[in-house]
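Thanks for coming. I will take one part at a time, so please keep the picture in view while I talk.

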Amino acid sequence: MSMPSHGSNPKYVYEAMGIQIPNQYIDLSANINPLGPPQALSEKWKVFFKQIVDYPDPYALSLKEVIMEKEKMDHDWLLIGNGGSELITLVARFLAKKRVLIIQPTFSEYEKACRVNECDVSYFRLNEPNWELDIDRLIPLLENADAIFLCNPNNPTGILYPQSTILRLIKECKRAGCFVVLDEAFYDFVETYESSVGLCKDFSNVIVLRSMTKMFAIPGLRLGYAVTNPMIIKELSAFQSHWSVNTLALLAGEVCLQNEAFILMTQEYIAKERQKLFQFFQKEAFITSASRVNFYLLRDPKIENQKLLFRFLLEKGIVARHTFNFPGLDGNWLRFAIKSTHENERLMEVLTEWRMSHH
Ligand SMILES: Cc1ncc(COP(=O)(O)O)c(C=O)c1O
């Protein structure tokens, strides 16, 4: 069996690695908020349940009202999707047969969705271990691209590109007649994030994608939204199946987005846990990416093949995310989510054991 192409569902990783799945394990392979879903959502759940007998509002008006308020955008600039993934699929369909440049390493669904739509896909590779976005190096490639995909903050590195860089990139793309698909699935984990949504008003080539499944820990429910100019929204929504976003997700979205305190609490918690972990990694000489969010890349410079560490962790009941399907990482790093204090401590314990066993 080949290695799974996404995190979560650890049984597939254990199977692919030929290791018996332990009774208890800690799944650090999916980047979901460990504090979620918000309490307010469970409190409303029983009431929401009663509404599954109705079809969802295909225009999602009630949720759009909340997003309009938050993003200061009109409803015709918004499209609600069945997770960020559906929006990626719709954008790829919109870009069918076009030349698409993907800034790598990044989320694998951009490429997959574009290839299905017969796009001509090429890569712009960022260099480890800083993965800096060098616009000067990128500019010459824009002439041969109709669209670029950029994830900010990026999955899997957790690196946040400065807003000045994003703005420059958008301007250069505009000049070259190139769309910028900006996936901000993890933007709300960053304490000081400057939103790019407002840029859609000034630049007709910008499409911003947001996921709500990460921050609010509802990947099983599926919810996200896209912001871009009304003409593109119209085209994207024409590809979307009717009632694509279910009633429970729409209702949950309203509760979640209005819960600003939950987002702030999460940001603070993640920053604190990340600091503890990174101090430990530094002390034990592990190398990490300069993450600003709830996951990070790690490698042990003392070994050549990181699969040894991956296997050791799995045997100890810790599931990391492999990086074999991230072009440019090719398995040389492991990605870990920041989870509960207890789970993060267990990771440090197991890594200490790894160090003590001659590594
Ligand atoms: C960068 C990025 N964008 C979008 C998604 C899709 O998220 P969802 O479909 O759960 O909203 C993911 C999921 O892992 C992701 O990592």
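This is a predicted model. I start with helix 10 and what lies over it: the cover of its buried residues includes helix 2, helix 3 (61–71), strand 2 (78–81), strand 8 (224–227) and helix 11. How many residues of helix 10 are buried? The count is 11 of the 11, so helix 10 is largely enclosed by the rest of the structure. Among them are T247, L248, G253, E254 and L257. At the start of the helix, a side-chain oxygen of N246 comes to within 3.0 Å of the backbone nitrogen of L248.

Now take one of those covering elements, helix 2. Helix 2 covers residues 39–49 and helix 10 covers residues 247–257; their axes come within 10 Å and cross at roughly 145 degrees. The crossing is right-handed. On the helix 2 side, the contact is made by A40, L41, K44, W45, F48 and F49. On the helix 10 side, L248, L251, A252, V255 and C256 take part. Sorted by class, this contact has 10 nonpolar residues, no polar ones and 1 charged one. If you look at the numbering within each helix, keep one rule in mind. An α-helix has 3.6 residues a turn, so residues three or four places apart point the same way.

Next, the sheets. Strand 2 and strand 8 belong to an open sheet of 7 strands, in the order 2-8-7-6-5-3-4, with mixed pairing. Which strands are at the edges? They are strand 2 and strand 4 (120–125), and each pairs on one side only. From one strand to the next, the twist averages 20 degrees. Inside this sheet, strand 6 and strand 7 (residues 206–211) run parallel and are joined by 4 bridges. L182 is opposite V208 of strand 7.

Just after strand 6 there is a residue I want to stop at. E184 sits in the loop between strand 6 (179–183) and helix 8 (199–202). Is E184 buried or exposed? Its relative accessible area is 0%, so E184 is buried. The side chain of E184 makes a polar contact of 3.0 Å with the side chain of S196. Beyond its neighbours within four places in sequence, E184 touches N152, Y193, S196, V208, L209 and R210.

There is another sheet to show. This open sheet has 3 strands in the order 9-10-12, and the pairing is antiparallel. Strand 9 (287–288) and strand 12 are at the edges with a single partner strand each, so one side of each has no neighbour in the sheet. Strand 9 is joined to strand 10 by 2 bridges, and T288 faces L298 of strand 10. Helix 11 (residues 260–283) packs on this sheet and touches strand 9 and strand 10. The direction of helix 11 makes about 10 degrees with that of strand 10.

On to the other edge. Strand 10 (residues 295–299) and strand 12 are joined by 4 bridges, with L298 bridged to L334 in strand 12. For the side chains there, a general point helps. In a regular strand the side chains alternate between the two faces of the sheet. Strand 12 (residues 334–337) has L334 and F336 on one side, R335 and A337 on the other, and all of these are buried. Both faces of strand 12 are therefore covered, while one of its sides has no neighbour in the sheet.

That is my part. Questions are welcome.

Notes. Residues are numbered from 1 along each chain as its sequence is written. This is a predicted model: local features need pLDDT of at least 70, side-chain atom pairs count only at pLDDT 80 or more; totals for chains, interfaces and linings use all residues. Side-chain values use heavy atoms; hydrogens and water are left out. Buried means under 20% relative accessible area, exposed over 50%, partly exposed in between (1.4 Å probe, protein chains only). A polar contact is a pair of N or O atoms within 3.5 Å; within protein, one must be able to donate a hydrogen and the other to accept it, and residues adjacent in sequence count only if both atoms are side-chain atoms. Contact means heavy atoms within 4.5 Å. Axes are lines fitted to C-alpha atoms, for helices over the stretch in contact, and angles run from 0 to 180 degrees between N-to-C directions. A crossing is left-handed if the near helix is turned anticlockwise from the far one by less than a right angle, and right-handed if clockwise. Ala, Val, Leu, Ile, Met, Phe, Trp, Tyr, Cys and Pro count as nonpolar, Asp, Glu, Lys and Arg as charged, and the others, Gly among them, as polar. Two strands pair if DSSP finds at least two bridges between them.
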